[in-house]
Amino acid sequence: MPKIVNHDQRRLELADATWRIIARHGIEGATMREIATEAGFANGALKPYFPTKDDLITFAFGHVFNRTNERIADMSAGLVGLAALRAFCQEVLPLDEDRINEARIVIPFWQKALTDPAKARLHETSMNQWRSALEEHLRLARDRGEVTVATSDDDIVNQLMSMLLGAQIVAAMSPDEHLPAQLSAQLDAYLLLLDPADASATR
């Protein structure tokens, strides 16, 4: 009998191989041949799944986004308000080697999205999902009295998104200078400012 091939699983394996190669050799070193070898496939076996390296990078970005969302769902299960907001941010921040490697996939995707409308739309859709989640956590935090600052929710969400995405760039470029403990401390310091009365009480 012919071997049954799980094509969805193969795509995921190729996406994982892509970010491992990029982590080691950078985007220029991530050739289709290197990726195929890393995944244990013959070079020509990639073509039916991803005709070009560009197609593979796009799929890998979606895979990284989904992985992050799965972590967020796991870590925020049962949490509400500010605790859920913090859990969300913690899973986006590059706090371990896997998440730093994921950032190395995201950065070249951003570069390509600057001149590719389809990629730009994919990125915008993904970021809007995150914004909606942050807005909901923030709304519940206000309802619970955990956020009292006068700053608008839109501004807080924009600040958080800038912090999270900026941290991915910084950690990918200079990981030795931006340790996980520092990033976590920066996040906690910012979240503390969302309730000025509580922040004053802790000083």
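How many of the 12 residues of helix H4 are buried? In this predicted model, H4 is mostly covered, with 9 of its 12 residues buried. The buried set consists of Gly81, Ala84, Leu85, Ala87, Phe88, Cys89, Gln90, Glu91 and Val92. The cover over these residues includes helix H3 (53–76), helix H5 (97–113), helix H6 (117–143), helix H7 (153–173) and helix H8 (180–192). The length of H4, which comprises residues 81–92, was also examined: at 1.5 Å a residue its 12 residues should span 16 Å, and the C-alpha atoms at its ends are 17 Å apart, which agrees with that expectation.

Confidence was considered next. The protein chain has a mean pLDDT of 87, and 94% of its residues reach 70 or more. Within the chain, the highest confidence is found in H4, at a mean of 96, whereas the lowest is found in helix H9 (residues 196–201), at a mean of 63.

The largest nonpolar core contains 52 residues, of which Leu14, Ile35, Trp130, Leu134, Ile156, Leu160 and Leu194 touch the most other members. At least two residues of this core are supplied by each of helix H1 (7–29), helix H2 (32–39), H3, H4, H5, H6, H7 and H8. For Leu160, one of the residues that touch the most other core members, the contacts beyond its neighbours within four places in sequence are with Leu85, Cys89, Leu134, Leu187, Tyr190 and Leu191. Two of these partners, Leu85 and Cys89, belong to the buried residues of H4, and Leu134 is itself listed with Leu160 among the members that touch the most others.

A further point of contact with H4 is provided by serine 184, which is found in helix H8. Serine 184 has a relative accessible area of 16% and, because this value is under 20%, is classed as buried. When its neighbours within four places in sequence are left aside, serine 184 is in contact with Gln90 and Leu95, and Gln90 is one of the buried residues of H4.

A search of the whole structure for internal space finds 1 cavity of 30 Å³ or more, and about 80 Å³ of space lies in this largest cavity. Its lining is formed by Phe61, Val64, Phe65, Thr68, Val106, Trp110, Met127, Trp130, Leu165 and Gln168. H3, H5, H6 and H7 each supply at least two residues of that lining, with the largest share, 4 residues, coming from H3. Trp130, which lines the cavity, also appears among the residues of the largest nonpolar core that touch the most other members.

Terms used
Residues numbered from 1 in each chain as written. Predicted model: local features only at pLDDT ≥ 70, side-chain atom pairs only at ≥ 80, totals over all residues. Heavy atoms only, no water. Expected span 1.5 Å × (residues − 1). Buried < 20%, exposed > 50% of the residue type's maximum accessible area, 1.4 Å probe, protein only. Contact = heavy atoms within 4.5 Å. pLDDT = per-residue confidence, 0-100. Core = buried A, V, L, I, M, F, W, Y, C linked by side-chain atoms within 4.5 Å. 1 Å grid on protein atoms, 1.4 Å probe; cavity = no way out; pocket = protein on both sides within 12 Å on 5 of 7 lines; lining within 4 Å. Points joined across faces, edges and corners; volume = space filled by probe spheres on them.
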